[in-house]
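Me: I would like to go through a structure feature by feature. For each one, give me the general idea and then the case at hand.

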Amino acid sequence: MRAPFYNGFQSHSIIKSRGEKIHIFDNIEKLRGFSFLGLIKYLLMRLQGKSLLVGGSCNGCGSCCRRLSLEGRNGWLRSVRDFKRIKSDYPEYQRFEMIGRDEQGFLIFNCSWCTDEGDCGDYDNRLLLCRNFPEKSLKFSGGSLPLSCGYRFMEVEPFEKSLNREIRKITNNEKNSDS
Ligand code: SF4
Ligand code: SF4
């Protein structure tokens with residue numbers, strides 16, 4: 001299980017970034033990536049009929065490139081051997097350098113392409129997982145956005161639900177004025 005909050009921690013998913021999953025398994029894969037507390041948060045949100053939106057924009061702080069976690073086929077990486085295997089299978093992941101472990105033993109990485117100014121050294125060729133950051137699954141997997149990040153997660157009522165409610169109101173008003 002991942003910690004509920006990781007300040008300044010970015011979660012990357014190799015599986016998702018490779019786009020190799022078969023669609024029917026998406027939800028199962030999604031649940032596998034949840035932490036226990038993340039699963040409770042997810043279920044509560046669904047029970048309240050809310051959905052998650054990503055708001056804000058990137059301010060270029062570079063925090064998500066300097067301290068991040070990686071997810072392999074068997075979950076968040078703890079094993080150096082697993083990381084070596086990933087680098088061998090997917091050479092594009094050689095840009096990531098291990099900088100330690102967190103208190104729960106998960107490996108922490110820095111991206112060697114991140115400049116001192118926090119920019120991507122090869123922005124046009126950055127990985128898909130970088131392009132997709134922050135993924136909504138981060139909120140439920142035990143990770144969190146870095147404090148300096150310009151994005152934020154927002155739990156909102158889905159637009160369709162609000163629209164239907166307004167349509168019902170208008171329809172009821174029309175019925176009442178006719179009677
Ligand atoms: S490839 Fe670029 S965007 Fe991706 S982690 Fe490295 S520096 Fe950041
Ligand atoms: S604002 Fe967020 S997405 Fe942009 S570089 Fe900082 S941590 Fe990464």
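Me: How many helices and strands are there in the protein?

Reply: This is a predicted model. The protein has 8 helices and 7 strands. Buried residues account for 24% of its 179 residues. Among contacts with a separation of 6 or more, 75% join residues 24 or more positions apart.

Me: Which elements of the protein have the lowest and the highest mean pLDDT?

Reply: Where pLDDT is low, the predicted coordinates should not be read in detail. Here the mean pLDDT of the protein is 79, with 81% of residues at 70 or more. Helix α1 (residues 14-18) has the lowest mean among the elements, 39, and strand β5 (residues 96-101) has the highest, 95. The pLDDT is below 50 over residues 1-26, although this stretch has 63 contacts in the model beyond near neighbours in sequence.

Me: Which residues have the most contacts inside the largest nonpolar core?

Reply: In soluble globular proteins, nonpolar side chains tend to be buried together. The largest nonpolar core here has 16 residues, and those with the most contacts inside it are Leu68, Leu70, Leu77, Phe96, Leu107 and Phe109. At least two residues of this core come from each of α4 (63-66), β3 (68-72) and β6 (107-111). The element that gives the most is β6, with 4 residues. For one core member, Leu77, the contacts outside its neighbours within four places in sequence are Ser69, Leu70, Glu71, Gly72, Asp82, Phe83, Phe106 and Leu107.

Me: What surrounds ligand 1, and how do the residues of its shell divide?

Reply: The shell around ligand 1 consists of Cys65, Arg95, Cys111, Trp113, Cys114, Cys120, Arg126, Leu127 and Cys130. By class, 7 are nonpolar, 2 are charged and none is polar.

Me: Which residues come nearest to ligand 2?

Reply: There are 13 residues around ligand 2, and Cys58, Cys61, Cys64, Cys149 and Gly150 come nearest. This shell holds 7 nonpolar and 6 polar residues, with no charged ones.

Me: How many residues of α8 are buried?

Reply: None: the number buried is 0 of 20, so α8 lies largely in the open. As for its length, helix α8 (residues 159-178) reaches 29 Å from first C-alpha to last, close to the 28 Å expected at 1.5 Å a residue. The same check can be made on another helix. The 12 residues of α3 (residues 36-47) should span 16 Å at that rise, and the end C-alpha atoms are 17 Å apart, which agrees.

Me: Where does Pro158 lie, and is it buried or exposed?

Reply: Pro158 is in the loop between β7 (151-156) and α8. It counts as exposed because 12 other C-beta atoms lie within 10 Å. Pro158 and Ser51 are 107 residues apart in sequence, yet their C-alpha atoms are 5.9 Å apart.

Me: What about Asp102, in the loop between β5 and β6?

Reply: Asp102 has 16 C-beta neighbours inside 10 Å, so it counts as partly exposed. Its C-alpha atom is separated by 9.6 Å from that of Arg78, 24 residues apart along the chain.

Me: Which peptide bond is cis, and what phi does Gly49 take?

Reply: Most residues other than glycine have a negative phi, and most peptide bonds are trans. The bond from Phe133 to Pro134 is cis, with omega near 0 degrees. Pro134 sits in the loop between α6 (128-131) and α7 (137-140). Gly49, just after α3, takes a positive phi of about 70 degrees.

Key
Residues numbered from 1 in each chain as written. Chains lettered and ligands numbered in written order. Predicted model: local features only at pLDDT ≥ 70, side-chain atom pairs only at ≥ 80, totals over all residues. Near = placed C-beta within 6 Å. Nonpolar A, V, L, I, M, F, W, Y, C, P; charged D, E, K, R; others polar. pLDDT = per-residue confidence, 0-100. Contact = placed C-beta atoms within 7 Å. Core = buried A, V, L, I, M, F, W, Y, C linked by C-beta atoms within 7 Å. Expected span 1.5 Å × (residues − 1).
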